[in-house]
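Grab a pencil and work through these exercises with the model open beside you. Each task comes with a worked solution.

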Amino acid sequence: MTDTPTDAEDEPECTLCGATEEPEQDIFVAPWKDINTCICTVCLTEEIHDRTVLSQRESEVAAHIRITRATPATLSDRLDIERSTVNEYRRRIREKINKSYEVMKMLGRDERLTKPLRTND
């Protein structure tokens with residue numbers, strides 16, 4: 001009998017928690033930092049929230065954007081919030097990133113940073 005890989009064996013798995021994609025529960029997994037590491041939306045949300053000034057919900061939106069590249073309409077459906085709320089979270093995320101960039105620039109620590117994000121959609 002020949003061993004054939006199943007679909008489950010081909011699914012990416014979060015390196016931190018072992019989760020696999022479960023779109024019906026809004027869990028998605030994507031490569032992270034290198035080709036041998038994956039992270040899920042839940043773990044990335046926690047990482048962002050723990051390491052930045054973003055709120056829990058802003059962190060969740062940022063994680064979904066990073067991992068799934070979802071549009072505001074898709075995020076609205078997925079996270080059960082209004083599209084305008086998604087857009088507001090995106091605006092706040094950009095604003096906080098830009099403020100951090102400006103602080104680093106003022107301190108002369110911007111050599112590794114890129115330009116601030118645009119603030120209009």
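What percentage of the 121 residues of the chain count as buried? The figure is 28%, where buried means under 20% relative accessible area, exposed means over 50%, and partly exposed is in between (1.4 Å probe, protein chains only).

Before you go on, a word on the ground rules. This is a predicted model, so local features need pLDDT of at least 70 and side-chain atom pairs count only at pLDDT 80 or more, while totals for chains, interfaces and linings use all residues. Residues are numbered from 1 along each chain as its sequence is written, and side-chain values use heavy atoms, with hydrogens and water left out.

**Exercise 1. Sketch the fold.**
Task: work out how many helices and strands the chain has, and in what pattern they come.

Solution. Start with the count: there are 5 helices and 2 strands. Helices here are DSSP runs of H or I with at least four residues, strands are runs of E with at least two, and both are numbered from the N terminus. Next, read along the sequence, and you get α-β-β-α-α-α-α. Finally, check the contacts (heavy atoms within 4.5 Å): among those between residues at least 6 apart in sequence, 30% join residues at least 24 apart.

**Exercise 2. Look inside helix α4.**
Task: find which residues of α4 are buried and what covers them.

Solution. Helix α4 spans residues 72–79, and its buried residues are Leu75, Ser76, Arg78 and Leu79. Their cover includes α3 (56–68) and α5 (83–106). Now step just past the end of α4: Asp80 takes a positive phi of about 55 degrees there.

**Exercise 3. A charged residue on the inside.**
Task: what is the nearest side chain of opposite charge to Arg78, and how far away is it?

Solution. First, place Arg78: it sits in helix α4. Then look for a partner. Asp26 is the nearest side chain of opposite charge, at 4.5 Å, and Arg78 is buried yet has no salt bridge. For charges, Lys and Arg count as positive and Asp and Glu as negative, with His and the chain ends not counted. A salt bridge needs a side-chain nitrogen of Lys or Arg within 4 Å of a carboxyl oxygen of Asp or Glu. Last, list the neighbours: leaving out residues up to four places away in sequence, Arg78 touches Asp26, Phe28, His64, Thr68 and Ala70.

**Exercise 4. Track down the salt bridges.**
Task: how many salt bridges does the whole structure have, and what do some of them join?

Solution. The search turns up 8. Take Arg51 and Glu47, whose side chains meet at 3.7 Å, N to O. They are 4 residues apart in helix α2 (residues 41–51), about one helical turn. An α-helix has 3.6 residues a turn, so residues three or four places apart point the same way. Arg51 is exposed at 65%, and Glu47 is partly exposed at 33%.

Next comes Glu58 with Arg92, where the closest N and O atoms are 3.9 Å apart. Glu58 lies in α3 and Arg92 in α5, so this pair ties together parts 34 residues apart in sequence. Glu58 is buried, at 2% relative accessible area, while Arg92 is partly exposed at 34%.

Then try Glu95 and Lys99, at 3.6 Å; both lie in helix α5, 4 residues apart. To finish, join the dots: Glu58, Glu88, Arg91, Arg92, Glu95, Lys96 and Lys99 are linked in a network of salt bridges.
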